[in-house]
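Please open the model in your viewer and keep the selection panel at hand. The tour goes from one selection to the next and says what is to be found at each.

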Amino acid sequence: MIWEELQSEVDALRAAGLKRERRTLDFPCGPQARVDGRPLISFCSNDYLGLANDPALIDAASAGARTWGVGSGASHLVSGHLTPHAALEQKLADFTGFARALLFSTGYMANLGIVPALVGRKDAVFADRLNHASLIDAVQLSRADSQRYAHGDLAALERLLAASPARRKLILSDAVFSMDGDLAPLPGLLELAERFDAWLVIDDAHGFGVLGAQGRGSIAHFQLPAARRLLYMGTFGKAAGAAGAFVAGDTTVIDWLEQRARTYIFTTAASPAIACALLASLELIASGDARRSRLWQLIAQLRDGLAGTRWRLLPSPTAIQPVLIGDNHETLRVAGALYERGLWVPAIRPPTVAAGTARLRVSLTASHSDEQVALLVDALRELA
Ligand SMILES: *Cc1c(COP(=O)(O)O)cnc(C)c1O
């Protein structure tokens, strides 16, 4: 019975055209991909600076593995916290301008750890409606009252905060929204957090390494201070080209997270070789203005190229460039036609995005060539 139930649910997904299928790449992450022996130009990855397969990171990871081994052997609080982890935390604190930083094994785990450590049953979380799934799950896990405000709507958030009797309040938002590519109004969020004595937790998975001076992220982009009530979460699986995450903030709150974030405490520390690769990655991010200007150039090329087509490009200033098509079937059809031409762009449909807003999510990276973007522009213009 229980087995048949699952089987029929999987069958139903397949019948509705909603069953997700993985493709196995026999090529490292980069603009050039190969699936089933077939060459493709990929516009799928979040490797915005093209660091995932960079020789400097590969060397640092190999040298790191030779010096420190592959496994950390334990959680950070037991015996898994090695010198490269400590060096990376210090470097992240310096880089982001906060007093302390704490490493997590993934961004998903960072969010699941941070929110429940800060708020509980008698408290309230105020969350943007378009927040990433990991933030939504984090609120559920915390058992705090979940109040969601319309995307980017500071006036709606202010009304919710003003009406809330909660003992402790926490405002939670993506800094760059992962399916739209737009920025949260961070200065306004911080102002409301100050006024209503709330925590502000910002998830900068898509901004860290890309936005702000030297890629210091969305906080730097808006030139916000390292306020004591502000927690800045960044991830390493996107622009940093590796894996993992961190949260930076005031010493007191990071000390507290070290004691109470369960996804920090009850998991094995990430490989010290990854920490070594990330130390090299931070160097390349900080000195990566050429990579970032290359990215802005390609974004402009795509946006100029698609201007005036039937499909609207969402107003995104970041590497995430969604082409809004609307209808699910048309979106799938266009993605399929692109794939036939060797252009791989993911089709994003409900429930990931709102009904009627299916889209192609084009991700650009500094390692794409002008020619590759031109091929995509030409194909899309023709299909439109
Ligand atoms: C990718 C992403 C995460 C998850 O980070 P991982 O390190 O991949 O687990 C969290 N938040 C946002 C907004 C993301 O885009």
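Two strands count as paired here if DSSP finds at least two bridges between them, and the model to which this is applied is a predicted one.

Begin with β11 and β14, which pair in the antiparallel sense over six bridges. Within this pairing, select Q321 and look across to β14, where V362 stands opposite.

Now widen the selection to the sheet as a whole, an open one of four strands that run in the order β10-β11-β14-β13 with antiparallel pairing. Its edges are formed by β10 (312-313) and β13 (347-348), each of which pairs on one side only.

Next, colour the protein chain by its domain assignment, which gives domain 1 as 20-49 + 289-383 and domain 2 as 55-286. Each of the two domains gives 20 residues to the contact between them. If you place a marker at the C-alpha centre of each domain, the two markers will lie 27 Å apart. The area buried between domain 1 and domain 2 is about 1,500 Å², and carbon and sulfur atoms give 60% of that area.

Which side chains meet in a salt bridge where R359 is found? Select R359 together with D180, whose side chains meet at 3.1 Å, N to O; the count between domain 1 and domain 2 is one salt bridge. For polar contacts across this interface, the rule finds eight residue pairs, with both residues at pLDDT 80 or more.

Stay with the side of domain 1 that touches domain 2, and select α13 (289-306), β11 (320-326) and β14 (358-363), the elements that give two or more residues to that side. The largest share, five residues, comes from α13. Colouring this side of domain 1 by residue class should show 10 nonpolar, four polar and six charged residues.

Finally, turn to the salt bridges of the whole structure, of which a search finds 18. One to display is that between D123 and R167, with the closest N and O atoms 3.1 Å apart. This pair links distant parts of the chain, 44 residues apart: D123 lies in the loop between α5 (107-118) and β4 (124-128), whereas R167 lies in the loop between α7 (154-163) and β6 (169-174).

Technical notes. Residues are numbered from 1 along each chain as its sequence is written. This is a predicted model: local features need pLDDT of at least 70, side-chain atom pairs count only at pLDDT 80 or more; totals for chains, interfaces and linings use all residues. Side-chain values use heavy atoms; hydrogens and water are left out. Domain bounds come from an automatic or database domain assignment. Contact means heavy atoms within 4.5 Å. Buried area is the accessible area (1.4 Å probe) that two parts lose on being put together, summed over both. A salt bridge is a side-chain nitrogen of Lys or Arg within 4 Å of a carboxyl oxygen of Asp or Glu. A polar contact is a pair of N or O atoms within 3.5 Å; within protein, one must be able to donate a hydrogen and the other to accept it, and residues adjacent in sequence count only if both atoms are side-chain atoms. Ala, Val, Leu, Ile, Met, Phe, Trp, Tyr, Cys and Pro count as nonpolar, Asp, Glu, Lys and Arg as charged, and the others, Gly among them, as polar.
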